[in-house]
Amino acid sequence: MIRLVFIKEFIDHLRDRRSVLGSFILPIMGPLILWGVFQLILDLQRDRELEVPVVGREHAPRLISYLEANGAHLLPAPTDPEGVVRRGEADMVLVIDPDYPARYSAGKSAKIQLIVDDSRHESHKNVRRVERILLSYSQSLAALRLIARGVSPEVAAPVELEEIDLATPEKLAANLLNMVPLFLMLAALVGGMNVAIDTTAGERERGSLEPLLLNPVRRMSLVLGKWLATVAASTLVALATLLGFMLTVHFLPLEELGMKMLFGPYQALVMFAAVWPLALFGSGLQMLIATFARSFKEAQTYLNLLNLLPMAPSMFLMLKPAQSQWWMLPLPTMAQVGTVVDVMRGEAVPGWHLAVIGLSSLVYTGVCLVCLVRLLGKERIIFGRG
Amino acid sequence: MIVIESLEKRYGEVIAVNGVSFGAEDGKVTGLLGPNGAGKTTTLRILSSLIKPDRGRALVDGIDVAERPHAALERLGILPDSRGLYPRLTAREHLAYFGALQGVSDAQLAQRIRELVSLLDMTDIIDRRVAGFSQGERTKVAIARALVHRPKNVVLDEATNGLDVMSTRAMRTLIRQLAAEGTCVLFSSHVMQEVSELCDHIVVFARGQVIAQGSPALLRQQASEDNLENAFVKIIGTDAGLK
């Protein structure tokens with residue numbers, strides 16, 4: 001009987017094309033977002049060719065050769081320097097004033113202009129590089145002039161600034177790892193949501209619950225069949241998401257960022273072992289909650305709120321990054337975040353951790369299903385229609 | 001055979017069913033007649049094991065429904081008040097699912113579905129998904145679903161509600177046919193013509209009680225009215241809720 005109910009509910013679900021496709025959308029976005037964000041970081045990380053169009057390069061041959069020696073690739077002068085920058089065709093244009101040689105020889109401040117567009121973020125890095133080259137050229141000239149006048153260059157540099165940048169891309173990327181357990185959990189919950197609703201609140205809304213209960217079948221068999229169909233749907237979506245992440249991580253050039261993110265078959269297996277119990281429990285809990293709803297829409301409202309819950313532990317662990325603690329293990333969603341992040345970091349996940357996660361979830365699932373059977377004996381559930 | 005013995009069901013202060021007793025014999029059509037809210041549906045729900053009575057019992061072929069609900073349900077074919085279908089399944093899949101839930105073997109099931117298709121004239125709709133069905137077509141599927149395990153006792157709650165003239169006629173023919181085959185048919189309605197035309201035995205409900213029962217002729221005699229409609233109005237004391 002359990003098998004019979006399972007097959008009916010699963011076929012019924014598969015025929016609901018829209019809800020099947022819909023259940024895959026949110027979880028599949030996880031790997032896509034991960035891919036996108038990493039590409040963005042890589043783009044920022046890879047140095048762009050330092051191309052500098054120069055107007056009036058003939059006025060300052062020594063400055064020009066200093067720039068070239070420091071890695072700048074100088075381009076011929078554009079006809080409309082400001083327009084080129086405004087349209088984003090060049091990060092900047094260097095303009096050397098025609099007075100430059102005369103003032104330079106006279107030992108006065110010679111004027112150069114750097115035309116930039118400060119609102120363009122992607123050009124900031126190159127502009128800063130050119131500014132630094134120009135500044136260091138200026139400082140080395142100043143030092144030479146001071147030495148020629150018998151003054152120590154240090155007199156003109158009372159403070160020496162050294163910048164140490166801590167915003168490494170590795171850190172940013174490590175935070176992104178928290179996304180993986182979040183989306184796996186969403187997949188395990190959202191994947192079965194429509195089945196959970198359709199087999200409970202849906203039966204009530206259609207008025208098919210009463211005829212169903214008029215068969216000589218134990219309520220527990222009905223509940224187990226429906227639950228298995230929900231679990232099957234959520235497992236499929238969770239597996240698809242896991243595969244998506246595996247492929248994404250496989251094809252991302254993480255070494256370029258010097259990042260360690262392990263996501264091989266072993267890691268995938270451990271992650272599945274940690275996330276699957278949530279699919280079992282989540283399916284039972286969603287069915288239980290949806291049974292209280294008289295209509296599909298009402299149930300959706302409740303379950304959408306429930307499915308925000310996995311966000312909480314992710315936030316908590318993002319703010320307070322730590323290794324997973326033993327007390328997190330029997331807490332659904334907390335356990336999943338901890339275990340998945342641990343295994344990606346390359347830490348060993350002991351077998352008993354997975355056993356605790358699995359067993360505690362089975363206990364919660366059992367409670368949900370027993371409550372569900374009780375609920376299906378209640379008059380207000382059987383006959384109370386929307 | 002169905003026997004109802006002094007059933008009582010309360011909801012707080014409200015007494016939905018108050019000491020209801022009657023019997024429905026095999027091969028006969030028994031009609032429950034009464035205005036909406038008179039206790040017909042509650043009685044039938046107790047009979048179908050979904051509501052536990054506070055007192056009294058319901059017997060199906062001698063089986064106490066509350067004690068052995070599954071044994072009773074195997075002998076009952078029930079068309080309940082709510083007759084929802086699964087829009088993404090075909091009519092045939094509905095019959096196959098409910099037949100299997102009733103424990104009918106595959107070979108018998110195929111044979112029974114063929115019978116029901118011809119009995120209910122479902123050839124055109126049997127392999128279509130239920131989603132676009134008319135009210136009449138939906139009722140046919142719901143009735144076939146209730147009859148798929150060849151129950152010896154058939155309970156129809158407001159079976160003709162919402163049906164057009166042709167479907168109503170077909171339903172009456174079916175009910176007569178079932179009784180002729182020796183099935184015990186219990187039929188509830190608030191439509192008087194229907195009950196007086198179809199039933200061998202009428203049980204009149206009002207305010208949670210059975211206030212009269214007997215053959216149509218006997219009821220007319222009791223109320224000393226020639227016209228059954230007037231007899232009912234006299235028995236019930238009001239014509240509110242009757243059509």
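# A quick tour of chains A and B

Helix H15(A) is largely enclosed by the rest of the structure, because 10 of its 11 residues are buried. Keep in mind that this is a predicted model. Besides that helix, this briefing visits an open sheet of 4 strands in chain A, an open sheet of 6 strands in chain B, and the contact that takes 21 residues from chain B and 18 residues from chain A.

**Helix H15 of chain A and its neighbour H8**

- Which residues of H15(A) are buried? They are A:Met334, A:Ala335, A:Gln336, A:Val337, A:Gly338, A:Thr339, A:Val340, A:Val341, A:Val343 and A:Met344.
- H15(A) covers residues 334-344, and it packs with helix H8 of chain A, residues 179-198, at an angle of about 135°. The two axes are 8 Å apart.
- That angle is why H8(A) and H15(A) count as oblique to each other. Their crossing is right-handed.
- On the H8(A) side, the contact is made by A:Val180, A:Pro181, A:Leu184 and A:Met185. H15(A) brings A:Gln336, A:Val337, A:Val340, A:Val341 and A:Met344.
- Sort the residues of this contact between H8(A) and H15(A) by class and you get 8 nonpolar, 1 polar and no charged.
- A handy bit of background here: an α-helix has 3.6 residues a turn, so residues three or four places apart point the same way.
- Just after H15(A) comes A:Gly346, with a positive phi of about 90°.

**The sheet in chain A**

- The 4 strands of this open sheet line up as S2-S1-S3-S4, with mixed pairing.
- Strands S2 (73-75) and S4 (112-116) of chain A stand at the edges with a single partner strand each, so one side of each has no neighbour in the sheet.
- On average, neighbouring strands of this sheet are turned by 30° against each other, direction ignored.
- How many bridges join S1(A) to S2(A)? There are 3, and the two strands run parallel. In S2(A), A:His73 is the bridge partner of A:Glu51.
- Helix H6 of chain A, residues 121-148, lies across S1, S3 and S4 of chain A. Its direction is at about 170° to S4(A).

**The sheet in chain B**

- Here 6 strands make an open sheet in the order S6-S7-S8-S3-S9-S10, again with mixed pairing.
- The edge strands are S6 and S10 (209-214) of chain B, each pairing on one side only. From one strand to the next, the twist averages 15°.
- S9(B), residues 201-206, pairs with S10(B) in the antiparallel sense over 5 bridges. B:Val203 has B:Gln213 as its bridge partner in S10(B).
- Helix H5 of chain B packs on the sheet and touches S6 and S7 of chain B. Its direction makes about 165° with that of S6(B).
- Another helix, H9 of chain B (residues 228-236), lies across S9 and S10 of chain B and runs at about 40° to S9(B).

**A closer look at strand S7 of chain B**

- Why is S7(B), residues 153-157, described as largely enclosed by the rest of the structure? Because 5 of its 5 residues are buried.
- Both of its faces are covered: B:Asn153, B:Val155 and B:Asp157 are buried on one side, with B:Val154 and B:Leu156 buried on the other.
- S7(B) pairs with S6(B), residues 76-79, in the parallel sense over 4 bridges. B:Gly77 stands opposite B:Val154 in that pairing.
- S7(B) is also joined to S8(B), residues 184-189, by 5 bridges, and these two run parallel. B:Val155 stands opposite B:Leu186 in S8(B).

**One residue of helix H5 in chain B**

- B:Glu137 is found in H5(B), which covers residues 135-147.
- Is B:Glu137 buried or partly exposed? It counts as partly exposed, because it has 19 C-beta neighbours inside 10 Å, and being buried takes 20 or more.
- B:Glu137 and B:Val117 are 20 residues apart along the chain, and their C-alpha atoms are separated by 12 Å.

**Where the chains meet**

- The contact takes 21 residues from chain B and 18 residues from chain A.
- On the chain B side, the elements giving two or more residues are helix H2 (69-74) and helix H3 (91-101). H3(B) provides the largest share, 4 residues.
- By class, the side of chain B that touches chain A has 12 nonpolar, 5 polar and 4 charged residues.

Methods:
Residues are numbered from 1 along each chain as its sequence is written. Chains are lettered from A and ligands numbered from 1 in the order in which they are written. This is a predicted model: local features need pLDDT of at least 70, side-chain atom pairs count only at pLDDT 80 or more; totals for chains, interfaces and linings use all residues. A residue is buried if 20 or more other C-beta atoms lie within 10 Å of its own, exposed if 12 or fewer, and partly exposed in between; C-beta atoms are placed from the backbone. Axes are lines fitted to C-alpha atoms, for helices over the stretch in contact, and angles run from 0 to 180 degrees between N-to-C directions. Angles under 35 degrees count as roughly parallel, over 145 as roughly antiparallel, 65 to 115 as roughly perpendicular and the rest as oblique. A crossing is left-handed if the near helix is turned anticlockwise from the far one by less than a right angle, and right-handed if clockwise. Two residues are in contact if their C-beta atoms, placed from the backbone, lie within 7 Å. Ala, Val, Leu, Ile, Met, Phe, Trp, Tyr, Cys and Pro count as nonpolar, Asp, Glu, Lys and Arg as charged, and the others, Gly among them, as polar. Two strands pair if DSSP finds at least two bridges between them.
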